[in-house]
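Here is a short briefing to read alongside your viewer. Please have the sequence and the model open as you go.

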Amino acid sequence: MTGLSWTVVRVLAATDCGRKDCCGAPAHAWVRVEAWSPRRAFLTSAVPYVRAAGVPHGELAGMAFMAELDLTAPPGNSDTAGERLEWPGLQIAPSIPAQPGGTPTVQQMASTLMPTGGPELDQERARRLARALAPGALSVKTVIIPRTPPGKLRPRHTQDGHTYKADGDKEAATALYLRRAFRQPWGGNLAVGAVFFRPNRQRIDGDNLLKHVLDAGNGIAWHDDAQITASYPVIELDRQNPRTVLVVARHVSTMDRSDVAAKRPRGRKGR
């Protein structure tokens, strides 16, 4: 069973093709599929990209597109048929809305962003957050974590000088919910929004609550929280149903994070 999902495809370069034993395309493009690999580039026909963008192949470099691909089955490193890869649904990636001055902005005011009501409106809250942070994003996941949202605690030290996470158990519990939603970490730029429903009026910083979620998602929902180039925390009160409404979406940003890869464990010395 395939896992088709919309993902970002970036064109790195496009050139004329002079090979007669190739796929017959007049031009080729080097492209990067961020969800397949943040470092590997694929050589493919530039024709579908020219059609989707409506520009000559010489103007494709640097453009971002969206395509519906099987993210669970990327071509292997030994695959030599990249020129014949297909790009179903290929279209230009949506741009970020801007103010007249050119600065990207969340267009809804905070006072009107979240609807009032109970948990039955959580999906609508997630949709509004996604639209505000990543307008037009086609890859969006919503995760509901039905527990009191914990804050991020500072590391603590034992008497013999060792450091440990004081909130390790809470972080592991949050990670469990994320693991159920994400079969593998998403690559590239991401937007993360969250509505934290607290059971009391205790003063707590929204960024502190969000940091807990970002750390819990490392290696599970994303490779590293350095990929998060848009974020927005909201704190609300719900004494009966404390929870976190989390939304993760593909994000288009000039601060490209496609080079953020999974952290590899260090090898043992002497090997």
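Y49, F65 and W87 are linked into a cluster by ring pairs. Keep in mind that this is a predicted model. The points below take up the aromatic rings, then a central topic, strand β9, and finally a helix and a serine.

**Aromatic rings**
- Searching the whole structure turns up 3 aromatic pairs.
- One of them joins F182 and W186 in an edge-to-face arrangement, with 5.4 Å from centre to centre and 80° between the planes.
- Are these two rings' residues buried or exposed? F182 counts as buried because its relative accessibility is 2%, and W186 counts as buried because its value is 8%; the cut-off for buried is under 20%.

**Strand β9 and its neighbours**
- β9 covers residues 190–198, and 9 of its 9 residues are buried.
- In a regular strand, side chains alternate between the two faces of the sheet.
- For β9, both faces are covered: L190, V192, A194, F196 and R198 are buried on one side, while A191, G193, V195 and F197 are buried on the other.
- Which strands pair with β9? Strand β10 (residues 228–237) pairs with β9 in the parallel sense over 9 bridges, and strand β11 (residues 243–250) pairs with β9 in the antiparallel sense over 8 bridges.
- To find these pairings in your viewer, start from L190, whose bridge partner in β10 is I228, and from F197, whose bridge partner in β11 is R243.
- Helix α5 (residues 206–217) joins β9 and β10 in a right-handed β-α-β unit.

**Helix α3**
- Helix α3 runs over residues 122–133, and its 12 residues should span 16 Å at 1.5 Å a residue; the end C-alpha atoms are 16 Å apart, which agrees.
- The buried residues of α3 are D122, R125, A126, L129, A130, A132 and L133.
- These residues cover an arc of only 165° around the axis, so they lie on the same side of α3.

**Serine 45**
- S45 sits in strand β3, which spans residues 42–45.
- Why does S45 count as buried? Its relative accessibility is 12%, and buried means under 20%.
- The S45 side chain reaches the backbone nitrogen of V47 at 3.2 Å.

Note on methods:
Residues are numbered from 1 along each chain as its sequence is written. This is a predicted model: local features need pLDDT of at least 70, side-chain atom pairs count only at pLDDT 80 or more; totals for chains, interfaces and linings use all residues. Side-chain values use heavy atoms; hydrogens and water are left out. Buried means under 20% relative accessible area, exposed over 50%, partly exposed in between (1.4 Å probe, protein chains only). Helices (H or I, at least four residues) and strands (E, at least two) are DSSP runs, numbered from the N terminus. Two strands pair if DSSP finds at least two bridges between them. A crossover is right-handed if, with the strands pointing away from the viewer, the path from the first strand over the helix to the second runs clockwise. A polar contact is a pair of N or O atoms within 3.5 Å; within protein, one must be able to donate a hydrogen and the other to accept it, and residues adjacent in sequence count only if both atoms are side-chain atoms. The expected span of a helix is 1.5 Å times one less than its number of residues. The arc is that of the directions from the helix axis to the C-beta atoms. Rings of Phe, Tyr and Trp (its six-membered ring) pair if their centres lie within 6.5 Å; planes under 30 degrees apart count as stacked, over 60 as edge-to-face and the rest as tilted.
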